[in-house]
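Reader: I am new to this structure, and I would like to understand how the words used to describe it are justified. Could you show it to me and then take my questions in turn?

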Amino acid sequence: MRVKYVLSEVLVGLWRNVTMTIAMIITMAVSLTMLGASGLMYRQVSDMKELYYENIEVSIFLKTDVPAEQRDALRAKLDGDPLVEEVVYVNKDEAYQRFQQMFRDAPDLVGAVQADVLPESFRLKLTNPQEYRSIYEQYKDDAAVDEIVDQSALLDKIFNILTAIQNIALAAAAVMAIAALLLVANTIQVAAYSKRREVAVMKLVGASNWFIQAPFVLEAVVAGLIGSLLGLLALIGAKQFLFDGSLQSLQGLLSPISWGDILIMFPLMAGVGGFVSAITAWVTLRFYLRG
């Protein structure tokens, strides 16, 4: 009977303050959607870093008049370097072929460049791509080296931008979460006030605080879980119509978001929505009933 009573009181409480309940659910849904989106973004940036760093090359361009013995000495040094996993030598003709392929859509530019003006180079694959600075410091003053170019310098700027977006999304989610918690607390207080006579009678007949608080706490938990479901639907819609729709052309730059990634976010959203709502309601009621 007690369980049946508590559940019936939850439904009655949600319906009695239906407008505030809807506002609480919507606010919770927005904050949980932003939380889920931030989680997805963190996973995406992590996957992108791993993918891009695996394919990063360091290019050591040689001086145009470098003697063969200096070039060979540099090659031997690179082959013995524990930071270098693989060394590929690119001569002038190979460099010109790469140049032609890269700028095949600009025939005038290709026609204006001759093979002998392009420098020889060593293309390095590092055991740890984040050790680029060590490679740069070690070889920048070599007599055969003209310039050292590393793709991670550009990628670091991109990742910094993505990290800033992550932080903004998390900050916005935190603000929305605070608004949702305040709304939960206010809704619970209103619900408790509307039932103040029933609460007073239950306290007089010796009902425990847990029994009195349970319906109100469950109201908040139900609202949080419904909000997490709406947040999940929002993420599904974003994947379906945004990432698999208008942003599909960026799949080569962005690692794809799978349905598994979306579903992994739901336990986090539901856990945060339900648990935080329950704690907020419980704390609010402790102060209210004590008063």
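Author: What follows is a set of questions about the terms, each answered by setting a value against its definition. This is a predicted model, in which local features need pLDDT of at least 70, side-chain atom pairs count only at pLDDT 80 or more, and totals for chains, interfaces and linings use all residues. Residues are numbered from 1 along each chain as its sequence is written, and side-chain values use heavy atoms, with hydrogens and water left out.

Reader: How many helices and strands does the chain have, and how do you know where they are?

Author: The chain has 10 helices and 4 strands, where helices (H or I, at least four residues) and strands (E, at least two) are DSSP runs numbered from the N terminus. Along the sequence they follow the pattern α-α-β-α-β-α-α-β-α-β-α-α-α-α.

Reader: What makes the pair Glu120 and Arg71 a salt bridge?

Author: A salt bridge requires a side-chain nitrogen of Lys or Arg within 4 Å of a carboxyl oxygen of Asp or Glu. The closest N and O atoms of Glu120 and Arg71 are 3.1 Å apart, and the pair therefore qualifies. Glu120 lies in the loop between α5 (107-112) and β3 (121-126), whereas Arg71 belongs to helix α3 (residues 68-79), so the salt bridge ties together parts that are 49 residues apart in sequence.

Reader: Are Glu120 and Arg71 buried or exposed?

Author: Buried means under 20% relative accessible area, exposed means over 50%, and partly exposed is in between, with a 1.4 Å probe and protein chains only. Glu120, with a relative accessible area of 10%, is therefore buried, while Arg71, at 21%, counts as partly exposed.

Reader: Which other salt bridges can you show me, and how many are there in the whole structure?

Author: A search of the whole structure finds 4 salt bridges. One of them joins the side chains of Asp79 and Arg75, with 3.2 Å from N to O. These two residues are 4 apart in helix α3, and are thus separated by about one helical turn. Both count as partly exposed, Asp79 at 46% relative accessibility and Arg75 at 28%. Another links Glu137 with Lys140, whose closest N and O atoms are 3.1 Å apart; Glu137 is partly exposed at 43%, and Lys140 is partly exposed at 35%. In addition, salt bridges that share partners join Arg71, Asp72 and Glu120 into one network.

Reader: Why are the buried residues of helix α6 said to line one face?

Author: The buried residues of helix α6 (residues 132-139) are Tyr132, Ile135 and Tyr139. Seen down the axis of α6, they fall within an arc of 65 degrees, so they line one face of the helix; the arc is that of the directions from the helix axis to the C-beta atoms. In general, an α-helix has 3.6 residues a turn, so residues three or four places apart point the same way.

Reader: What is known about the surroundings of Ser59, and is Ser59 buried or exposed?

Author: Ser59 is found in strand β1 (residues 58-62), and its relative accessible area of 9% makes it buried. Leaving aside neighbours within four places in sequence, Ser59 is in contact (heavy atoms within 4.5 Å) with Phe122, Arg123, Glu147, Ile148 and Val149.

Reader: How much of the chain is buried?

Author: Buried residues make up 37% of the 291 residues in the chain.
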